[in-house]
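This report concerns one protein structure, shown below. It treats selected residues, helix packing, salt bridges and a surface patch in turn.

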Amino acid sequence: MNLDIKKRIDAINNNEAIHYFFNLLNKLIKEASLSETDERLAINVRNDYRKRFSVNINGRLILSIKDGNEFAMMINNDDLIQISTIPVLKKEVFEKQLPEASLVYFDFDALKENSEFLTPLWLKSCGEYLPTQTSSQYRRHHIDELYKIATNEEILNEYLNSEPKNDLSFAEMINEFRIYLKNEDTILNDFKIFPVKPNSSYVWIGDSQNILNDSIAHYEIILRRGKIYVEIHFEGNQSLKDKFNKNISDLPNKIKWFNWNNSKSIRYDETFSINDEDILQKLAKALLYLEESLGNQFREIKNSINTINVKLDFIDWMIVNDGKENNYFSQQFGSNIERFKSEIDTYEDIYKKDFNSELFVIELTNYETKISEIKDNIYSNSEGFSEYSQNNNNGRPKAILGKKNYIKFLNEYFKNNEFQNENTDKKYMVLNQILYGPPGTGKTYNTINKALKIINDEEVKALNFDNRKAVKDLFEKKAKENQIDFITFHQSMSYEDFIEGIKPETKNEKVTYAIKDGIFKTITKNALIEYIKDGSENESNDDFENLYNDFIENIKPFEGKREGIFKTKTGVEIMLVNANIDSILIKYLWSNNKKVSEGQHTFSVTKEKLKRVLVEGIEPNKIKNLKTELHPLVGHIHCELFAVYKKFYDFVIDTKGEIDAVHFDNLDLTYEEVKEQFDKLTKEQIKNKLLKPYVLIIDEINRGNVSQIFGELITLIEDSKRLGKEEALEVTLPYSKEKFGVPPNLYIIGTMNTADRSVEALDTALRRRFSFVEMMPNEKIFDSLNFSDTYDRKGIMQKINQRIEVLLDRNYTLGHSYFIKEDFKNSFENEIIPLLQEYFYNDYGKIGLVLGKGFVREKAITAKNDKSIFADFDTKNEVDINKSYELIPFTEINFDEAIQILLA
């Protein structure tokens, strides 16, 4: 039940009038065939001073009810004369829209008495106005629940007859506040309330400009010791936190500083209680006061934090590249740096005056757009900069700031560098990067860190990256949430696996063939979904979570009881051990002479597995073969899962009526449907969307046939070719015939082992579209580690790699991970030596040059000098029997001595 709707019904306090209002609306919906998704219709709860239910079509309010007595209906002006004898409270004339009509206000009693006369006139007015409309400007305020109330008598009666709920949790209050703000006629309407957890006592709120919306600065509503505060928090690093309070001298009335996080933050001076009357209005008033009093000042401070001036860096770049990229500094300026700086200052002044924009001050979060803007301006025919350029040294200013110099510098500066700006805690990552180097240098290990730092949400910011278990746990969590995906390329990997292809599937023992999305297309769809979400709420609409939680509550009373509440397909009874938010634990029940006993083993049926089967729409009663129909989805526990799933499925049907009524938070949307909604967005909307990033990790990217796997999509991953960019590209996929593009919030991290012999075959097109980050053996890592043995591991790695570089090259050196294992002897035997055997094709003479006589010996040859063992042949006496070598069996090696020989 929507509590905001319930509150409005209770406030109007006239069930007959409410019933009449929604019945009128239902007549219109049926007569005009208005679906729930009709863009022309917007039904909402107005929580401002009007406090009414209202129905809008485009700019017109066609129906409303307020305070139980005041009704408003749209009537065509041509029909107004027909109602002249009916008492009217007031009239409002609609302007500049046809047909001409007015909003006429009636007392409910007068409306009831004249209902048979007024209703047809109202329906006629709506029917004539609707066909001229395509969408409603108030659609963003539309509440689906109100449509359901109008079309379902049972739901309406539930709202009318249920008791009002007074005691809200903090999370429930915030979710009500979220709906409340959607109907505000102030700037708060565009504020973003972050998701709130059920047991949370605080929530972040972002401003309408998406600037005060991260840990550096954000609005916050927080519950402390029973009191609710409305605040602005500053939670970046120490210098960032201090920057805000040092730049604000005087605070307005009703606002004060308070100590927070080793610095100071801001709060509204009045506190509230959840049970306060009109708590939502009070929160909105406090939030609006903070915004109007200090919002612009804090945005200015925040913007200054998020910008960087690259003028001096560019000057340095021009000087360093003199003679490589250009000859301007030496030939045009005689290597006079002061003269050069002075002219650059002149360019900047003219550019600012001509384009009213900064030339060298770049906003870090929007640098791509800025580069494109500068490029367009430089090559425009402006009266200021362009004429200055033409009249000064044959266009030298335009050449210095053009694509071969300044534009090239900017692209290199932002694209090829992963950097941490000193004024911000946000890490800016390149879209496509490959970590390359010899084996054991931590490439795959570091993809986990890099993926999380790209995501950079509040969970990541709170993470201690020195705690590897915590890092891996969070990585796994993000993977389960489909925000990160991991794939390893291999020689058999194909376009069909990666993008899309026709695959067989078995359902009810029938084999059919369907077009299936590959891992890249799937994560691309997930990334695109971020653009089409309702940014005002940014919360899941997934029915599954509610269904699962309700199911848990439903079976909770049976926990630990020796009662078979689940049954396998063969009728074996299973008891419930524990039901929690993540999984359902069960045990078999065995009956012997009417004595019931428990099985020894506990089985876990996870929430994710239940969802996986439900998403497929599998009906338990139609399953014929568990192995072929469930095993591919859930693995070996298909018997136990069937038992739980059947009961859960029956519960879902009882709750929703049919399986198709369950919404899976965009899982039921195809890529084509997602793309169709994305295409409705403007470039400005795409640019301003606050998106969470998605990360695809491709391990061993060079081991697959990259040209075959990526196919025609290799171009689409370029930064400038991403969807929403000026040079965006799309292709038509060969199987589904869908238009396909890659969104800007999808990051790709690859790893490449330079010792792998497939490296040379790496596609040149791929090389051009990725930034390469070299990862070599790290000798410094040994300085921070302690081992139980006394081996000079750093020295051993240095010796071995020095020798490998001479015999092969640096790409075949051994990474530090082989030398930091606790059981060093085991690592040497089972990792280092086998890798050297592979490097040198079992040429033990060369392996001996690397490891020494402690590990390799001359191989004994039977009858070494006896050539009589050979067949009779002309060259028998000319044969030169060379020495050969072998590895000493590890059981025969004195490891300590062998290491000393290696180090000698």
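Gln133 is buried in this predicted model, because its relative accessible area of 12% is under the 20% limit for that class. Gln133 lies in the loop that joins α4 to α5 (144-151). Although Gln133 and Gly59 are 74 residues apart along the chain, their C-alpha atoms are separated by 9.8 Å.

**Helix crossings**

The helix that precedes this loop, α4, also packs with α2. The axes of helix α2 (residues 15-31) and helix α4 (residues 115-129) come within 11 Å and cross at roughly 45°. This angle makes α2 oblique to α4. The crossing of α2 past α4 is right-handed.

A second helix pair is formed by α22 (residues 543-555) and α26 (residues 638-656), whose axes come within 10 Å and cross at roughly 110°. An angle of 65 to 115 degrees counts as roughly perpendicular, and α22 and α26 are therefore placed in that class. Here, too, the crossing is described by its hand: α22 passes α26 in a right-handed manner.

**Serines with positive phi**

Most residues other than glycine have a negative phi. Against that background, two serines deserve attention. Ser33 is not a glycine, yet its phi is positive, at about 55°. The position of Ser33 is in the loop between α2 and β1 (41-46). With a relative accessible area of 60%, Ser33 is exposed.

Ser335 likewise has a positive phi, about 60°, without being a glycine. The loop between α11 (328-332) and α12 (337-355) holds Ser335. Its relative accessible area of 43% makes Ser335 partly exposed.

**Salt bridges**

How many salt bridges does the structure hold? The total is 39. Three of these pairs are listed here with their N to O distances.

| Lys residue | Acidic residue | N to O distance |
|---|---|---|
| Lys477 | Glu481 | 2.7 Å |
| Lys521 | Glu738 | 2.8 Å |
| Lys675 | Asp679 | 2.9 Å |

The pair of Glu738 and Lys521 links distant parts of the chain, the two residues being 217 residues apart. Glu738 sits in the loop between β28 (731-732) and β29 (739-740), while Lys521 belongs to helix α21 (residues 519-532). Both Glu738 and Lys521 are buried.

The pair of Lys477 and Glu481 has another setting. Lys477 is partly exposed at 34% relative accessibility, and Glu481 is partly exposed as well, with a relative accessible area of 37%.

In the pair of Lys675 and Asp679, the two partners fall into separate classes. Lys675 counts as buried because its relative accessibility is 3%, whereas Asp679, at 46%, counts as partly exposed.

Salt bridges also join several residues into a network. The members of this network are Lys311, Asp345, Glu348, Lys352 and Glu358.

**A nonpolar surface patch and its surroundings**

Which residues make the nonpolar surface patch of about 430 Å²? They are Ile502, Val511, Tyr513 and Ile515. Strand β21 (residues 510-517) supplies the largest share of the patch, with three residues. Ile515 is found in strand β21. At 41% relative accessibility, Ile515 counts as partly exposed. This value is compatible with patch membership, because patches are made of residues with over 30% relative accessible area and no salt bridge.

Tyr513, another member of the patch, can be placed relative to a lysine. Lys503 lies in strand β20 (residues 500-507). In sequence, Lys503 and Tyr513 are ten residues apart, and in space their C-alpha atoms are 5.5 Å apart. Is Lys503 buried, partly exposed or exposed? Lys503 is partly exposed, its relative accessibility being 28%, a value between the limits of 20% for buried and 50% for exposed.

Terms used. Residues numbered from 1 in each chain as written. Predicted model: local features only at pLDDT ≥ 70, side-chain atom pairs only at ≥ 80, totals over all residues. Heavy atoms only, no water. Patch = residues over 30% accessible without salt bridge, like charges linked within 9 Å, V, L, I, M, F, W, Y side chains within 5 Å. Areas by Shrake-Rupley, 256 points an atom, 1.4 Å probe, with all protein chains shown as cover. Salt bridge = Lys/Arg side-chain N within 4 Å of Asp/Glu carboxyl O. Helix = DSSP H or I, 4+ residues; strand = E, 2+ residues; numbered from the N terminus. Buried < 20%, exposed > 50% of the residue type's maximum accessible area, 1.4 Å probe, protein only. Axes fitted to C-alpha atoms, helices over the stretch in contact; angles between N-to-C directions. Parallel < 35°, antiparallel > 145°, perpendicular 65-115°, else oblique. Left-handed = near helix turned anticlockwise from the far one by under 90°.
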